[in-house]
Amino acid sequence: IVRYRVSPSNPDSALKSTELILLTIAQPYSNHNGGAIAFGTDGYLYLCFGDGGSANDPENRAQNRAELLGKILRIDVDQTAGGNNYAIPVTNPYFGNTQGWRQEIFAIGLRNPWKFSFDVPTGRLFCGDVGQNAREEFNIIVNGGNYGWRLMEGRICTPGVNPSCLDTAGLIRPIWDYVWNSGASAVGGYVYRGSQYPWLAGVY
């Protein structure tokens, strides 16, 4: 994640000389890498990262709070702290923890969160999470939420990983999921807040 400053002579151009690396995350495989980046209604920068790739999250990164992969992160890019070019919001769920968990984490248990969007009037964060072989899902992301991967894929326990459906207490189920072969990947969308189609008001 890199920050550039806008050119004073061209607001549609960035100055390469102002490059500032905010965050670097090693990727163990070639898929399930980065996703959406956006500022929330709270002014913080939200980042989504896949589980690092391969099948069934083999190193269980999405559930490992000491890792940044398989998560949605939230950082404060207006401040610096701890030797980083950003700071950690004090309202992040693991701020100040002593277990070695990454304080940048906002939510865990995601496989390949491709896109997300904020519904500005409510501040809710909607995210599409691409499934593996069984389900595709959409979630409302909350502070400290655990969305289940790799224990669950959508509303079912992950075939081949968690056939006995163990350790699913407290996992947040998606607001919508569907069978993998019945449609395209769960990329993401928006809550409609326009006026041209009033029957869609508030619909994701």
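How many aromatic pairs does a search of the whole structure find? I looked this up before anything else, and the search finds nine. A note to myself: this is a predicted model.

**Entry: ring pairs**

I began with F116 and F118. Their ring centres are 5.9 Å apart and the planes stand at 80 degrees, so I wrote the pair down as edge-to-face. Planes over 60 degrees apart earn that label. Are F116 and F118 buried or exposed? I found F116 buried, and F118 is buried too.

Next I looked at F138 and Y204. Here the centres are 5.8 Å apart and the planes meet at 70 degrees, so this pair is edge-to-face as well. I then checked where the two residues sit in the chain. F138 belongs to strand 9 (residues 135-141), while Y204 is in the segment after strand 12 (176-179). The two are 66 residues apart, and the pair links distant parts of the chain.

I also compared their surroundings. F138 has 14% relative accessibility and counts as buried, because buried means under 20%. Y204 has 32% and counts as partly exposed.

I finished this entry with a cluster. Which residues form one aromatic cluster? They are Y46, F106, F116 and F118.

**Entry: charges over rings**

I wanted to see which arginines lie over ring faces. R65 lies over the face of W101, at 5.2 Å from the ring centre. R111 does likewise with W149, at 5.6 Å from the ring centre.

**Entry: nonpolar cores**

My textbook reminder comes first: in soluble globular proteins, nonpolar side chains tend to be buried together. How many residues does the largest nonpolar core have here? I noted 16, and those with the most contacts inside this core are L23, I25, L47 and L73. Strand 4 (45-49), strand 5 (71-75) and strand 6 (105-108) each supply at least two of its residues. The largest share, three residues, comes from strand 4.

I picked L73 for a closer look. Leaving aside neighbours within four places in sequence, its contacts include L23, I25, L45, L47 and I105. Y46 and F106 are also among the residues L73 is in contact with, and I had already met both in the aromatic cluster. E104 is on the contact list of L73 as well.

Apart from the largest core lies another one, of 13 residues. Among them I found C48, I72, F106 and L125.

**Entry: the sheet**

Which order do the strands of the four-stranded open sheet take? I read it as 3-4-5-6, with antiparallel pairing. The edge strands are strand 3 (34-39) and strand 6, as each pairs on one side only. On average, neighbouring strands of this sheet are turned by 15 degrees against each other, direction ignored.

I zoomed in on strand 5 and strand 6. They pair in the antiparallel sense over three bridges. K71 stands opposite I108 in strand 6.

**Entry: one loop residue**

Where does T91 lie? I found it in the loop between strand 5 and strand 6. T91 has a relative accessible area of 47%, so I put it down as partly exposed. Not counting residues up to four places away in sequence, T91 touches R74 and N143. My last check was a distance: the C-alpha atoms of T91 and G189 are separated by 26 Å, and the two residues are 98 apart along the chain.

Terms used. Residues are numbered from 1 along each chain as its sequence is written. Side-chain values use heavy atoms; hydrogens and water are left out. Rings of Phe, Tyr and Trp (its six-membered ring) pair if their centres lie within 6.5 Å; planes under 30 degrees apart count as stacked, over 60 as edge-to-face and the rest as tilted. Buried means under 20% relative accessible area, exposed over 50%, partly exposed in between (1.4 Å probe, protein chains only). A charge sits over a ring if NZ of Lys or CZ of Arg is within 6 Å of the ring centre and within 35 degrees of the ring normal. A nonpolar core is a set of buried Ala, Val, Leu, Ile, Met, Phe, Trp, Tyr and Cys residues joined through side-chain atoms within 4.5 Å. Contact means heavy atoms within 4.5 Å. Two strands pair if DSSP finds at least two bridges between them. Axes are lines fitted to C-alpha atoms, for helices over the stretch in contact, and angles run from 0 to 180 degrees between N-to-C directions.
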